Amino acid sequence: KLHSDLDKGVGTVKYTLSGDGAGTVFTIDETTGDIHAIRSLDREEKPFYTLRAQAVDVDTKKPLEPESEFIIKVQDINDNEPKFLDGPYVASVPEMSPVGAYVLQVKATDADDPTYGNSARVVYSILQGQPYFSIDPKTGVIRTALPNMDREVKEQYQVLIQAKDMGGQLGGLAGTTTVNITLTDVNDNPPRFPKSIFHLKVPESSHVGSAIGRIRAVDPDFGKNAEIEYNIVPGDGGNLFDITTDENTQEGVIKLKKPLDFETKKAYTFKVEASNLHLDHRFHSVGPFKDTATVKINVLDMDEPPVFSKPVYTMEVYEDTPVGTIIGAVTAQDLDAGSSSVRYFIDWKNDVDSYFTIDATEGTIATNELLDRESTAQYNFSIIASKVSNPLLTSKVNVIINVLDVNEFPPEISVPYETSVCENAKPGQVIQTVTATDKDLSPAGQRFSFRLSAEASNKPNFTVHDYRNNTAGIETRRNGYSRRQQELYFLPVVIEDSSYPVQSSTNTMTIRVCRCDSDGTILSCNVEAIFLPVGLSTGALIAILLCIVILLVIVVLYVALRRQKKKDTLMTSKEDIRDNVIHYDDEGGGEEDTQAFDIGALRNPKAIEDNKMRRDIKPDTLRFPRQRPAVEDNTDIRDFINQRLQENDVDPTAPPYDSLATYAYEGNGSVAESLSSIDSVTTEADQDYDYLSDWGPRFKILADMFGEEESYNPDKVT
């Protein structure tokens, strides 16, 4: 029930409910605040519910108080019985265990609340299985209740266990389970012979190693505790017989160690001892775990049939063996004193036997027809031997003949057929391991041998080392190889198999010489790589190639510039005199400064011979300039040359050789046209030299010279 202090009972308060189960499991009376459960509750399903309640004003719908949270716990009742979740149980305990020996612990689970009342308090009890076993009522541990329980008396027990809640009180709920308990065996019983003397009769024709009789000691134990070991006590006849244990029946099997002869001795007597292999020290006080019995053997005189030398004969024959070829023989002997002769014949049963014949006296087997392994790979038939003195005494032996496949295909080298060798290889270095394959159906143990062919065995390049395990190694015989001398080597390898008939083949291996580093890693096997510098890295080779390319570019540019310069050069004859104008970027000292100019620079070393024409351009029609008559009274030029000649003669710093100064025209086609009137294509009458006076003081002397000449021209009309 919920109630707010603000509720005066006049119906102005409304109660609301929210949270776990609100509206589905619980409901609230909005007026009174009473909470009711509207369905059954199960504590095992949900032990508690968290709800929230609030009082709201009916008119304003506003909360009168803050929301309150409360928990409704479901109180447990005893409605679940204890259950054995792991039952039914299977357990075991050794026989002859003492009282209180642990067997098994069972556990029951009750879903009720263990913290409330005794609903989950479980008590264990035995309903069936007393007085052999007991159980702890609190822990559920099952123990033995009787001593010396014997497995040989009773092996299986079924115990019914009950678990009851409410502490076992009246009204509690209960659950049951079954426990199947097995007594395991211990070696508490020694072996015992059922009788003290065993009589055996043995024919004298018994084979050595054959079983001539069995005796048995009885042990009631089970498994390894019942394992018995038999031994012959040293005495009469002990060296002729042996005894072993049959593991399945635990019987003593007496076998013949040496042949018996009725005429030599007719009876043997000895003792046999039976004992357990696995003893239990707890039962030593019971007595010795062994027993002894006497064995008497009487030797019977027998007219024995012939005895074959082998129990089974196995022979092999190739499928191409000619008819009549002897492939093997069988041998039988008469062991009686009379030693009769023996005759052999095939036990004919089907047509298969007609493929072979046998010599009746010698016992040799030969082929009677051609054999085909693909049709029949194995023949199995019987050979009968009979005594001549008593043909009714016969013996039989099985003969198995395996038809072998004829070796038709030679072995071949498995891939690869091509390998490589480093230029820096050392003698004895293995460069390739080869194996062989054979298309024939080779028998187990097929062996291949490897060797060099006769023509290659004398060459000092490579050799073949047979490892005798169907593999061989290609080894070097030289100290280093050169790709420049020989890039490829062809090595003929002879492979021979071990089948019949022996097949062999010659396989040619291609060995390529490669460049390797010091660790034997192949760097290059290409032909182009032969001419690369040895020992240079890739970066160094790229740098060298770049340098070569740069040099080639420089050479090409130089040649192109030379050719362009040659085109621009004007070639003239000795008669083509031009003025050479030397241009200086610095200012001179004036017309009186004669030391600043070297007249030797006026030399024209490229003057050509008379009438020699330029070859770098297409020649045009020769146009000879009109020769101007020499001026006889041109004293200014003569005085100028004499003055310069005198200055060079008295100059102490002049070199000891003549200096030739050549004066010539600039040439036709000049943009600035000619600056001189020497040998000009026009006459002096056509020239106006007044512009020279406008060029400044540097050209004053030249303007005066040509101005004076113009004033004395008789042809000029003023």
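This report describes two open sheets and a set of salt bridges in a predicted model.

**Sheets**

Strands of a sheet pair through backbone hydrogen bonds, in either a parallel or an antiparallel arrangement. One open sheet consists of three strands, ordered E14-E17-E16, with antiparallel pairing. Its edges are formed by strand E14 (211–216) and strand E16 (241–245), each of which pairs on one side only. On average, and with direction ignored, neighbouring strands of this sheet are turned by 25° against each other. Five bridges connect E16 with strand E17 (residues 251–256) in the antiparallel sense. Within this pairing, Thr 245 has Gly 252 of E17 as its bridge partner.

A further open sheet contains four strands in the order E29-E31-E34-E33, and its pairing is antiparallel. Here strand E29 (412–413) and strand E33 (462–466) are the edge strands, each pairing on one side only. E29 and strand E31 (residues 430–437) run antiparallel and are joined by two bridges. Ile 413 stands opposite Ala 436 in E31.

**Salt bridges**

The count of salt bridges comes to 15. The table lists examples with the separation of their closest N and O atoms.

| Acidic residue | Basic residue | Closest N and O atoms |
|---|---|---|
| Asp 34 | Lys 1 | 3.0 Å |
| Glu 67 | Arg 52 | 3.8 Å |
| Asp 347 | Lys 396 | 3.1 Å |

Lys 1 forms a salt bridge with Asp 34. Lys 1 belongs to the segment before strand E1 (13–19), whereas Asp 34 sits in the loop between strand E2 (26–28) and strand E3 (35–37), so the pair ties together parts 33 residues apart in sequence. Lys 1 is exposed, at a relative accessible area of 68%, while Asp 34 is partly exposed at 24%.

Glu 67 forms a salt bridge with Arg 52. This pair links distant parts of the chain, with Glu 67 in the loop between strand E4 (48–57) and strand E5 (68–73) and Arg 52 in strand E4, 15 residues apart. Glu 67 is partly exposed, with 46% relative accessibility, and Arg 52 is partly exposed, with 32%.

Asp 347 forms a salt bridge with Lys 396. Because Asp 347 lies in the loop between strand E24 (342–346) and strand E25 (356–358) and Lys 396 in strand E28 (residues 394–404), the pair ties together parts 49 residues apart in sequence. Asp 347 has a relative accessible area of 15% and is therefore buried, the cut-off being under 20%. Lys 396, at 49%, is partly exposed. Elsewhere, Arg 151, Glu 152, Glu 155 and Asp 185 are joined into one network by salt bridges that share partners.

Technical notes:
Residues numbered from 1 in each chain as written. Predicted model: local features only at pLDDT ≥ 70, side-chain atom pairs only at ≥ 80, totals over all residues. Heavy atoms only, no water. Pairing = 2+ DSSP bridges. Axes fitted to C-alpha atoms, helices over the stretch in contact; angles between N-to-C directions. Salt bridge = Lys/Arg side-chain N within 4 Å of Asp/Glu carboxyl O. Buried < 20%, exposed > 50% of the residue type's maximum accessible area, 1.4 Å probe, protein only.
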